[in-house]
Amino acid sequence: MSEFYQYIKAKRSNKLNTWMPQLKRKLMGYRNYFGLPDNSRSLDRLYSYVLHSLYKWLNRRSGRRSYNWSNFKKMLMYYAIERPRVSKRFIHVDWY
């Protein structure tokens, strides 16, 4: 979680269209690796932590707030950053 925090803090001054797709890929990679059925609470906790730290650091870019919460949600929809969902793992066992 601290690596996401440091990443957002370091990239906040760059243009959003350059690093938001990278953040999306990082979140999707984390979901693909840790997205087991019993791990949904941890994924949700990480996602909410990333959202709140992103909101915090994007609003510290200038002397005034850049986003309120509704505009922040619209920005997330624009970049297609969505809540990670846990996929079911199907194990095919072939018993001849």
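These exercises walk through a predicted model, one region at a time.

**Exercise 1. The nonpolar core**

Task: Find which residues of the largest nonpolar core touch the most other members, and which elements build this core.

Solution:
- Step 1. Start with the members. The largest nonpolar core holds 23 residues.
- Step 2. Pick out those that touch the most other members. They are Trp19, Met20, Leu23, Leu54, Phe72 and Met75.
- Step 3. Turn to the elements. Those that give two or more residues to this core are α1 (2-11), α2 (16-34), α3 (40-58) and α4 (69-78).
- Step 4. Look for the largest share. It comes from α3, with 8 residues.

**Exercise 2. Helix α3**

Task: Compare the reach of α3 with the expected span, then list its buried residues and what covers them.

Solution:
- Step 1. Take the length. α3 has 19 residues.
- Step 2. Take the reach. From the first C-alpha of α3 to its last is 27 Å. At 1.5 Å a residue, 27 Å is expected, and the model comes close to that.
- Step 3. List the buried residues of α3. They are Leu43, Leu46, Tyr47, Val50, Leu51, Ser53, Leu54, Tyr55, Trp57 and Leu58.
- Step 4. Ask what covers them. The cover includes α1, α2 and α4.

**Exercise 3. The two sides of α4**

Task: Sort residues of α4 into buried and exposed, and say where the buried ones pack.

Solution:
- Step 1. Find the buried residues. In α4 these are Phe72, Met75 and Leu76.
- Step 2. Check how they are arranged. They cover an arc of only 100° around the axis, so they sit on the same side of α4.
- Step 3. Go to the other side of α4. There, Lys74, Met77 and Tyr78 are exposed.
- Step 4. Return to the buried residues of α4. They pack against α2 and α3.
- Step 5. Zoom in on Phe72. Leaving aside its neighbours within four places in sequence, Phe72 is in contact with Leu51, Leu54, Tyr55, Leu58 and Tyr67.

**Exercise 4. Ala80**

Task: Locate Ala80, then describe its phi and its exposure.

Solution:
- Step 1. Locate the residue. Ala80 is in the segment after α4.
- Step 2. Read its phi. Ala80 is not a glycine, yet its phi is positive, about 55°.
- Step 3. Judge its exposure. The relative accessibility of Ala80 is 34%, so it counts as partly exposed.

**Exercise 5. Asn59 in its loop**

Task: Decide whether Asn59 is buried or exposed, and find its partners.

Solution:
- Step 1. Place the residue. Asn59 is in the loop between α3 and α4.
- Step 2. Apply the cut-off. Buried means under 20% relative accessible area. Asn59 has 12%, so it is buried.
- Step 3. List the contacts. Leaving aside neighbours within four places in sequence, Asn59 touches Arg64, Arg65, Ser66 and Tyr67.
- Step 4. Look at the Tyr67 contact. A polar atom of the Asn59 side chain lies 2.8 Å from the backbone nitrogen of Tyr67.

**Exercise 6. Aromatic pairs**

Task: Count the aromatic pairs in the whole structure, then classify Tyr7 with Trp19 and Tyr55 with Trp69.

Solution:
- Step 1. Count. The whole structure has 11 aromatic pairs.
- Step 2. Classify Tyr7 and Trp19. Their ring centres are 6.2 Å apart and their planes stand at 75°, so the pair is edge-to-face.
- Step 3. See what this pair links. Tyr7 is in helix α1 and Trp19 in helix α2, so the pair ties together parts 12 residues apart in sequence.
- Step 4. Check burial. Tyr7 is buried, with a relative accessible area of 13%. Trp19 is buried too, at 1% relative accessibility.
- Step 5. Classify Tyr55 and Trp69. This pair is edge-to-face, at 4.9 Å centre to centre and 75° between the planes.
- Step 6. See what that pair links. Tyr55 lies in helix α3 and Trp69 in helix α4, so the pair ties together parts 14 residues apart in sequence.
- Step 7. Check burial again. Tyr55 is buried, with a relative accessible area of 17%. Trp69 is partly exposed, with 33%.
- Step 8. Add a cluster. Phe4, Tyr30, Tyr33 and Phe34 form one aromatic cluster.

How values were computed: Residues are numbered from 1 along each chain as its sequence is written. This is a predicted model: local features need pLDDT of at least 70, side-chain atom pairs count only at pLDDT 80 or more; totals for chains, interfaces and linings use all residues. Side-chain values use heavy atoms; hydrogens and water are left out. A nonpolar core is a set of buried Ala, Val, Leu, Ile, Met, Phe, Trp, Tyr and Cys residues joined through side-chain atoms within 4.5 Å. Buried means under 20% relative accessible area, exposed over 50%, partly exposed in between (1.4 Å probe, protein chains only). Helices (H or I, at least four residues) and strands (E, at least two) are DSSP runs, numbered from the N terminus. Contact means heavy atoms within 4.5 Å. The arc is that of the directions from the helix axis to the C-beta atoms. The expected span of a helix is 1.5 Å times one less than its number of residues. A polar contact is a pair of N or O atoms within 3.5 Å; within protein, one must be able to donate a hydrogen and the other to accept it, and residues adjacent in sequence count only if both atoms are side-chain atoms. Rings of Phe, Tyr and Trp (its six-membered ring) pair if their centres lie within 6.5 Å; planes under 30 degrees apart count as stacked, over 60 as edge-to-face and the rest as tilted.
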